[in-house]
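User: Please examine the model below with me. I should like each descriptive term justified against its criterion.

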Amino acid sequence: MQPIAHLDIYARRRAQLAAQLGPGGIAIVPTAPVRPRNRDSDYLYRFDSYFYYLTGFTEPHAWLVLTAEGRSILFCQPKDVEREIWDGLRLGPEAAPAALGVDEAHAVDTLPSRLPALLENRSTVWFPFATHEGLQAQVDGWLQPVRARVRYGVLCPQSLRDLCGPLDEMRLVKDDHELALMRRAAQISAQAHIRAMRRSAAAMRSGQDLREYHLDAELLHEFRQHGSQYPAYGSIVAAGANACILHYRADAAPIRDGELVLIDAGCELDGYASDITRTFPANGRFSGPQRELYDLVLAAQQAAVAATRPGQRFTDPHEAAVRVLAQGMLDVGLLDAQAVGTVDDVIAQRHYFRFYMHRTGHWLGLDVHDVGSYVEPSEMGQVSERQDPLSGETIKDRPSRILRPGMVLTLEPGLYVRPAPDVPERFWNIGIRIEDDAVVTADGCELITRGVPVAADEIEALMRG
């Protein structure tokens with residue numbers, strides 16, 4: 001195996017983390033386990049995001065140990081000719097220091113015997129809480145022989161700390177290497193959406209049977225054709241009324257002339273996710289009611305984009321989108337002003353929730369719903385209470401995160417209209433979401449997923465071609 005690219009990036013990350021462990025601190029980071037799918041078959045392997053962020057290493061059965069002094073120790077699978085015939089080549093501990101830039105490496109089966117010695121005379125053990133089943137029990141097991149040696153003058157760690165805290169803060173702001181990967185993933189995903197739109201229009205013109213899984217296949221083809229290793233999440237391809245199911249998965253429903261199709265799909269490239277949603281007419285032509293609601297959702301997204309800039313709060317894009325959607329619901333008749341009042345009343349009482357029930361975005365990075373606190377750390381202690389008008393429960397609010405350059409978030413307002421006696425029938429079973437990935441820049445934000453059209457006229461023009 002050749003040394004992985006950008007070793008200096010992973011070394012800098014490890015050094016930055018080590019500096020936060022405190023005197024006598026030591027961190028333990030496992031990668032993800034191999035998960036069996038059924039007999040003699042495993043799920044396609046995907047490494048742990050924290051582990052990969054610090055090492056760039058993609059093999060299973062590996063652990064990183066990092067000391068406050070900056071020493072990095074990798075435990076990985078040993079070379080094994082017989083297993084490598086079946087499962088592929090392994091890096092092995094002998095080659096790992098040069099290939100990965102770590103200080104030393106050992107066979108992973110020596111971890112139980114070596115780790116207690118590494119924990120001796122340490123003050124604090126850091127590991128990611130609640131991310132790996134049984135990890136805390138393993139740490140307890142490694143500490144037992146350390147505690148048994150205190151009579152000989154050995155010091156046993158006195159505290160356990162959650163490594164997610166400092167790592168989440170590090171991962172929240174992307175470096176240039178990460179942003180380059182995310183832009184490329186966004187480009188690939190945008191082309192996949194274009195491919196699906198064109199396939200839909202061509203099938204409608206020719207009268208071919210078209211199913212949701214056909215468009216899912218177009219997405220997967222484009223992802224792999226351009227080097228993506230996996231979809232970033234299970235692709236949503238929802239035809240007609242299925243678009244009103246938020247976490248619908250691509251299935252076998254027919255795609256019918258005159259209906260809308262909602263596709264929420266993005267690829268993962270070298271660990272980094274993209275996340276795009278587009279809603280388009282299966283035949284390439286929006287009907288009047290479809291266009292009316294589509295333009296409303298797009299206007300809400302434009303308001304969210306305008307609110308995404310340094311110094312704004314994470315919640316500002318959501319609140320901007322909700323105000324546009326709430327006013328639009330009144331304007332088009334989804335909500336009756338005589339029953340619900342003004343736009344301020346709609347927002348205060350959350351009447352909009354019937355048609356728009358999710359947030360306008362989330363962090364994006366190594367995970368599609370990426371890590372990072374949504375509360376501003378310096379204002380964590382400022383707590384206010386309010387009563388939710390729908391559930392009646394008491395909500396504790398803390399100041400939302402202040403946006404800074406290098407943060408990446410999605411902007412994804414939507415409308416989902418299910419049939420009901422008090423809802424205009426022309427809007428029944430219309431589900432629309434528009435989602436783009438936004439990088440916060442010095443003076444605003446960069447939408448890295450606009451390689452696929454978003455304006456209704458542009459979508460229609462694309463699908464005519």
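Analyst: A residue is called buried when its relative accessible area is under 20%, and exposed when that area is over 50%, with partly exposed in between. This is a predicted model. In strand S18 (residues 414–417), Gly 414 and Tyr 416 point one way while Leu 415 and Val 417 point the other way, and all are buried.

User: What makes S18 and strand S19 a pair of strands?

Analyst: Pairing requires at least two bridges between the strands. S18 and S19 (residues 430–433) are joined by four bridges and run antiparallel. Within this pairing, Gly 414 has Arg 433 in S19 as its bridge partner.

User: What makes S17 and strand S20 partners?

Analyst: The criterion is again at least two bridges. S17 and S20 (residues 436–440) have four bridges in the antiparallel sense. Thr 410 has Asp 437 of S20 as its bridge partner, and Leu 409 is matched with Ala 438 in S20. As for the side chains of S17, Val 408 and Thr 410 point one way, Leu 409 and Leu 411 point the other way, and all are buried.

User: Why do S17 and S21 count as standing at the edges?

Analyst: The sheet is open, with its three strands in the order S17-S20-S21 and antiparallel pairing. Strand S17 (408–411) and strand S21 (445–447) each have a single partner strand, so one side of each has no neighbour in the sheet. From one strand to the next, the twist averages 35°.

User: How do you know that the length of helix H8 agrees with its number of residues?

Analyst: The expected span is 1.5 Å times one less than the number of residues. For the 31 residues of H8 (residues 176–206) this gives 45 Å, and the end C-alpha atoms are 45 Å apart, so the two agree.

User: What makes Asp 175 a cap of H8?

Analyst: A polar contact needs N or O atoms within 3.5 Å. A side-chain oxygen of Asp 175 lies 3.1 Å from the backbone nitrogen of His 177, and Asp 175 thereby caps the N-terminal end of H8. Just after the helix, Gly 207 takes a positive phi of about 75°.

User: Why is Cys 164 called buried, and why is Cys 445 called partly exposed?

Analyst: The relative accessible area of Cys 164 is 8%, which is under 20%, so Cys 164 is buried. Cys 445 has 21% relative accessibility, which lies between 20% and 50%, so Cys 445 counts as partly exposed. The structure holds zero disulfides.

User: Why is the pair of Phe 127 and Phe 129 called tilted?

Analyst: The count of aromatic pairs comes to nine. For Phe 127 and Phe 129, the ring centres are 4.9 Å apart, within the 6.5 Å limit, and the planes stand at 50°, neither under 30 nor over 60 degrees, so the pair is tilted. Phe 127 is buried at 1% relative accessibility, whereas Phe 129 is partly exposed at 31%. Phe 286 and Tyr 294 also form a tilted pair, with 4.9 Å centre to centre and 45° between the planes. Phe 286 and Tyr 294 are both buried.

User: Which residues form one aromatic cluster?

Analyst: One aromatic cluster is formed by Tyr 10, Phe 47 and Tyr 52.

Terms used. Residues numbered from 1 in each chain as written. Predicted model: local features only at pLDDT ≥ 70, side-chain atom pairs only at ≥ 80, totals over all residues. Heavy atoms only, no water. Helix = DSSP H or I, 4+ residues; strand = E, 2+ residues; numbered from the N terminus. Axes fitted to C-alpha atoms, helices over the stretch in contact; angles between N-to-C directions. Buried < 20%, exposed > 50% of the residue type's maximum accessible area, 1.4 Å probe, protein only. Polar contact = N/O pair within 3.5 Å; in protein donor to acceptor, adjacent residues only side chain to side chain. Disulfide = S-S within 2.5 Å. Phe/Tyr/Trp six-rings, centres within 6.5 Å; stacked < 30°, edge-to-face > 60°.
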